[in-house]
Amino acid sequence: MPQTITKGYKALLAEAEAKVETLSVEQARELVGRDDVVFVDLRDPRELEREGRMLGAFHCPRGMLEFWIDPESPYAKPVFQEDKRFVFFCAGGWRSALAAQTAHEMGLKPVAHVAGGFGAWKKAGAPFDAPEPKDGGKG
């Protein structure tokens, strides 16, 4: 018997967008370099290697988010215990919307996410560290 999905990703994203702040790339760029803001890159390591990194962002693979936020978890990361604003981003803005909502529901505040993610960031000409060439720059 096939599964019946009662709430699809579009509904989940709409709920998340209604609950958490969504920043444009321009708004996010104004926050870069501030001591009271942590950008959290949710992409997996292969994406970082392939696409590059936002300057100064903290990398937290999406699959570890809840474990890294919770101070009672053996995997807790001190950065998530700091009194700062957390701005999540992924490749296109979907994972970051859901992650920001989850973080907010866990009690992390304030949180936001970047509309369009790292793809929109690069397209807008925002600064980033380019990926290393596969041949080590010798080709």
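This section describes the strand arrangement, the nonpolar cores and the aromatic pairs of a predicted model.

Residues are numbered from 1 along each chain as its sequence is written, and side-chain values use heavy atoms, with hydrogens and water left out. Because the model is predicted, local features need pLDDT of at least 70 and side-chain atom pairs count only at pLDDT 80 or more, whereas totals for chains, interfaces and linings use all residues.

Helices (H or I, at least four residues) and strands (E, at least two) are taken as DSSP runs numbered from the N terminus, and two strands are said to pair if DSSP finds at least two bridges between them. Five strands form an open sheet with parallel pairing, in the order β1-β6-β5-β2-β4. The edges are occupied by β1 and β4 (58–59), each of which has a single partner strand, so one side of each is left without a neighbour in the sheet. Strand β1 (residues 21–23) is joined to β6 by three parallel bridges, with A112 of β6 as the bridge partner of E21. Strand β5 (residues 85–89) likewise runs parallel to β6 over three bridges; here V111 of β6 is the bridge partner of F86. The connection from β5 to β6 passes through helix α5 (residues 94–106), and this β-α-β crossover is right-handed (with the strands pointing away from the viewer, the path from the first strand over the helix to the second runs clockwise). Five parallel bridges link β2 and β5, and two parallel bridges link β2 and β4. Residue D41 stands opposite F89 in β5 and has H59 as its bridge partner in β4.

Burial along the strands was assessed by relative accessible area (buried, under 20%; exposed, over 50%; partly exposed, in between; 1.4 Å probe, protein chains only). In a regular strand the side chains alternate between the two faces of the sheet. In β2, five of the five residues are buried: V37, F39 and D41 point one way, and V38 and V40 point the other way. Both faces of strand β6 (residues 111–114) are also covered, with V111 and H113 buried on one side and A112 and V114 on the other. Within β5, V87 counts as buried at 0% relative accessibility and stands opposite A112 in β6. Leaving aside neighbours within four places in sequence, V87 is in contact (heavy atoms within 4.5 Å) with L23, L31, V37, V38, F39, V40, A112 and V114. In helix α5, Q101 counts as buried at 10% relative accessibility; with the neighbours within four places again left aside, Q101 contacts L12, E15, A16, K19 and V20.

Nonpolar cores were defined as sets of buried Ala, Val, Leu, Ile, Met, Phe, Trp, Tyr and Cys residues joined through side-chain atoms within 4.5 Å. In the largest core, which holds 18 residues, V40, L65, F80, F86, F88, L108 and V111 touch the most other members. At least two residues of this core come from each of β2, α4 (65–69), β5 and α5. Beyond its neighbours within four places in sequence, F86 is in contact with V38, V40, V79, F80, L108, P110, V111 and A112. A second, separate core of 14 residues includes L23, V25, V37 and W121.

Aromatic rings of Phe, Tyr and Trp (its six-membered ring) were paired if their centres lie within 6.5 Å, with planes under 30 degrees apart counted as stacked, over 60 as edge-to-face and the rest as tilted. Seven aromatic pairs result from this rule. In one of them, the ring centres of F39 and W121 are 6.3 Å apart and the planes stand at 55 degrees, so this pair is tilted. Because F39 belongs to strand β2 (residues 37–41) and W121 to helix α6 (residues 117–123), the pair ties together parts that are 82 residues apart in sequence. Both F39 and W121 are buried. A single aromatic cluster is formed by F58, W68, F80 and F86.

Charges over rings were also identified (NZ of Lys or CZ of Arg within 6 Å of the ring centre and within 35 degrees of the ring normal). The face of W68 has K77 over it, at 4.7 Å from the ring centre. The charged end of R43 sits over the ring of F118, at 4.0 Å from its centre.
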